[in-house]
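I opened my notebook to record what I looked up, going from the whole chain down to a single residue.

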Amino acid sequence: MHVFVNGIQVAYTDEGAGRTLLLVHGFPLNRRVWAPQVEAFAPVCRVIAPDLRGLGESEATAGPTAMRRYAEDLHGLMLSLDAGPVILAGHSMGGYVALAFARAFPQLLRGLVLVGTKAGADTPAAAAARRASAEQVRAEGCEAVVESMAGKMLSAGDTDPVMAAVVRSILAEARPEGVMAALLGMAERPDAGAWLGEIRVPTLVVAGADDTLMAPAESEALARGIPGAWLELIPQAGHLVAYERADAFNEILSNWMVNLPEEQTK
Ligand code: MLT
């Protein structure tokens, strides 16, 4: 499905009914990575999973896409779909977007789920490396950047080859314009640590214990910074923890959602 939001066509999945779980994918992925969550949660609630601007099937725009811009797209999508307040789950870059959303639209949140992500901004060296990657994408296309991500998504252990192939096929859908925009947007994102203490909704922080792309220590710090946040580390899971250990992840999310205060649910 597609809807026109903030000047672009946004592709999204919208299944089920009731209180709403809004799932935001990471870089340079798309909404297909949430397939196990759509399947598990659509029978019990409404699940909305968009493709972020420039990724998956959503239209791209030139120049950096700020995390705040992606958050405004989520807001526009929610208005179009008459959805919200939502339980907002963001993975990695999707977590940066979720934190930007929490700052801009706190009244539209019922809960926050931060998966394999962190609060901090890029160091100057990391931002410079991202800009160099964006330049490489401009010159050569996004294959090399996408390939470098492919090896870091799942844990290094006995990864199921079918799962690895599916993840590669999702990554292969990345397009240069959207990849550049995301890289440049991440390079300039502010340090969300400045407003973590103001988050007032129940928050679940989840990380894969074997994540080599985003150290689990980042999740521990995130959980310490958000009042009352609950932290779960899932063993034998890499960066794409919700996909790789979908059953464990879904059970944690489901138990946490059941325990949300009544007034926090629709
Ligand atoms: C992601 O998985 O979304 C990105 O790796 C996050 C990042 O590069 O900071």
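Before counting anything, I noted that a residue is called buried when its relative accessible area is under 20%. The model in front of me is a predicted one. By that cut-off, buried residues make up 57% of the 266 residues in the protein chain.

Overall form: I counted ten helices and eight strands in the protein chain, and I found that its C-alpha atoms fill a box of roughly 50 × 45 × 35 Å along the principal axes. I then checked the radius of gyration, which is 17 Å, and this agrees with a compact globule, because 266 residues packed that way would give a value near 18 Å. Of the contacts with a separation of 6 or more, 77% join residues 24 or more positions apart.

Core: I looked up the largest nonpolar core, which has 95 residues, and Met93 and Phe27 are among those with the most contacts inside it. Helix H3, residues 93-104, gives the most to this core, with eight residues. Leaving aside neighbours within four places in sequence, I found Met93 in contact with nine residues' worth of listed partners, including Phe27, Leu52, Tyr70 and Met186.Glu244: I next asked which charged side chain of opposite sign is nearest to Glu244. Glu244 is placed in helix H9, residues 241-244. The nearest is Arg245, 4.2 Å away, and Glu244 is buried yet has no salt bridge, because a salt bridge needs the nitrogen and the carboxyl oxygen to be within 4 Å. A polar atom of the Glu244 side chain does lie 2.7 Å from the backbone nitrogen of Gly238. Not counting residues up to four places away in sequence, Glu244 also touches Met153, Thr159 and Gln236, among others.

Notes
Residues numbered from 1 in each chain as written. Predicted model: local features only at pLDDT ≥ 70, side-chain atom pairs only at ≥ 80, totals over all residues. Heavy atoms only, no water. Helix = DSSP H or I, 4+ residues; strand = E, 2+ residues; numbered from the N terminus. Buried < 20%, exposed > 50% of the residue type's maximum accessible area, 1.4 Å probe, protein only. Lys, Arg positive; Asp, Glu negative; His and termini not counted. Polar contact = N/O pair within 3.5 Å; in protein donor to acceptor, adjacent residues only side chain to side chain. Contact = heavy atoms within 4.5 Å. Core = buried A, V, L, I, M, F, W, Y, C linked by side-chain atoms within 4.5 Å. Rg over C-alpha atoms; globule rule 2.2 N^0.38 Å.
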